[in-house]
Amino acid sequence: MDLSTQYMGLDLKNPIVASSSPLTWALESSLALQKAGAAAIIMPSLFEEQIEHEQAQLDRFIHQQSIGHSETNGFHPQLTDYMDYQNKYLNQLELLKRELSIPVIASLNGISEGGWVQNAQDLEQAGADALELNIYYVAANPEESSAQVEQRYLSVFEAVKQCVKIPVGVKLTHQFSAISSMVKQLEQAGAAGISLFNRFYQPDIDLETLHIEPKLELSSSSEALLRIRWIAILRHQLSLSLAITGGMHSSEDVLKGLLAGADITCMCSVLLEKGPEHIGRVLEQMSLWMMDKEYESVNQLKGSLSYINAVNPAAFERANYVEILNSYSPASGVQV
Ligand SMILES: Cc1cc2nc3c(=O)[nH]c(=O)nc-3n(C[C@H](O)[C@H](O)[C@H](O)COP(=O)(O)O)c2cc1C
């Protein structure tokens with residue numbers, strides 16, 4: 001069974017990639033992911049806010065040094081403390097590159113085109129095989145139109161892209177009025193891949209304290225269908241690589257993602273719940289299904305149920321909407 005696939009110009013031995021999480025940071029867990037069969041890892045992100053915070057601290061530090069109170073200099077933090085965040089990331093990337101044989105994709109996470117994007121260059125120099133740019137933007141300003149929001153995405157992407165030669169992909173949210181157009185514009189701007197979709201973590205209201213609490217809930221397979229639908233619709237509109245992230249838990253999820261047209265499927269929640277070894281089980285079950293259905297390779301499988309190849313492509317759009325609603329039966333005992 002040939003499970004190999006290609007993503008953003010990288011040749012991968014199979015379509016399962018471990019997406020950004022604490023597991024793809026530490027060497028030990030990254031080695032365990034590789035051992036279990038992960039075809040590549042995407043490191044956790046280097047965040048714009050943290051880079052800028054560090055920069056501000058550094059500026060303050062330099063400023064304080066020049067105020068002339070030499071007796072207080074001994075209390076100043078050492079310059080090296082402020083270089084920690086980015087350097088720690090670069091050192092870890094270099095370590096992972098040295099110790100792993102699978103590709104290592106670095107991740108940048110931010111929403112504006114400031115100086116932080118220059119970090120892309122350092123990530124390339126430290127050996128990243130590719131870059132994933134996660135733009136996690138909550139468009140809450142009523143003065144900002146959807147066209148301006150799209151332009152923000154394009155500007156951030158272009159700023160990062162022009163710093164490097166390695167492939168750059170974008171991890172996107174589904175909260176756009178026109179996903180196809182957004183993705184097409186990113187492709188035209190030079191994106192090598194798109195990863196669908198970012199999960200927004202929803203703040204919760206604590207009814208006891210009446211505080212707004214950040215909440216991180218892991219995903220379930222039910223989140224996969226939104227991604228599968230969009231991968232199927234986009235597959236033949238684009239020639240860039242497509243990744244699914246969100247709700248990829250089982251071999252069934254992975255197979256559906258590939259049939260819809262994904263080049264890779266990224267796993268995070270399920271690996272945090274079940275451990276890296278889960279990848280081995282999924283690969284085995286996938287291969288059994290493929291043998292049973294007489295598929296010889298992942299490349300043969302990819303996109304064979306995408307929008308233009310599906311028997312009933314309209315099912316990926318609005319069609320069947322009314323029938324689905326009308327066909328629903330409430331639980332027994334519930335009167336309608
Ligand atoms: C604990 C945790 C940390 C994460 N860290 C990052 C990150 O640093 N950068 C990023 O782009 N995504 C991050 N993600 C998102 C995941 O990479 C993934 O895209 C998302 O969880 C959807 O996949 P899943 O349904 O398999 O969990 C994180 C997710 C979790 C649960």
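## Exercises on a predicted model

The buried residues of helix α4 are Tyr89, Leu93 and Leu96, and the exercises below start from them in this predicted model.

**Exercise 1.** Determine how the buried residues of α4 are arranged around its axis, and which elements they pack against.

*Solution.* Begin with the length of the helix: α4 covers residues 84-99, and because each residue should add 1.5 Å, its 16 residues should span 22 Å, which agrees with the 22 Å between its end C-alpha atoms. Next, take the buried residues Tyr89, Leu93 and Leu96; they cover an arc of only 65° around the axis, which puts them on the same side of α4. An α-helix has 3.6 residues a turn, so residues three or four places apart point the same way. From this side, the buried residues pack against α1 (27-36), β4 (40-47), β5 (104-109) and α5 (119-125). Finally, the face turned away from the buried side carries the exposed residues Asp84, Lys88, Asn91, Arg98 and Glu99.

**Exercise 2.** Establish whether Glu52 is buried, partly exposed or exposed, and find its contacts beyond four places in sequence.

*Solution.* First locate the residue, which is found in helix α2 (residues 48-65). Then count its surroundings: Glu52 has 15 C-beta neighbours inside 10 Å, and because a buried residue needs 20 or more and an exposed one has 12 or fewer, Glu52 counts as partly exposed. Leaving aside neighbours within four places in sequence, Glu52 is in contact with Gly114 and Trp116. As a last step, compare its position with that of Val270, which lies 218 residues apart from Glu52 along the chain, the two C-alpha atoms being separated by 32 Å.

**Exercise 3.** Describe how helix α9 is covered, and follow the contacts of Ile231 to this helix and the residues just after it.

*Solution.* Helix α9 (residues 251-260) is mostly covered, with eight of its ten residues buried; these run through Asp253, Val254, Leu255, Lys256, Gly257, Leu258, Leu259 and Ala260. They pack against β3 (16-18), α8 (224-234), β11 (241-245), β12 (264-267), α11 (278-292) and α12 (298-301). Turn now to the largest nonpolar core, where Val17, Ala38, Ile41, Leu131 and Ile231 touch the most other members among its 83 residues, and where α8 supplies the largest share, seven residues. Not counting residues up to four places away in sequence, Ile231 touches Leu196, Leu242, Ile244, Gly257, Ala260, Gly261 and Ala262. Of these, Gly257 and Ala260 are among the buried residues of α9, while Gly261, just after the helix, takes a positive phi of about 130°.

Terms used:
Residues are numbered from 1 along each chain as its sequence is written. This is a predicted model: local features need pLDDT of at least 70, side-chain atom pairs count only at pLDDT 80 or more; totals for chains, interfaces and linings use all residues. Helices (H or I, at least four residues) and strands (E, at least two) are DSSP runs, numbered from the N terminus. Two residues are in contact if their C-beta atoms, placed from the backbone, lie within 7 Å. A nonpolar core is a set of buried Ala, Val, Leu, Ile, Met, Phe, Trp, Tyr and Cys residues joined through C-beta atoms within 7 Å. The expected span of a helix is 1.5 Å times one less than its number of residues. The arc is that of the directions from the helix axis to the C-beta atoms.
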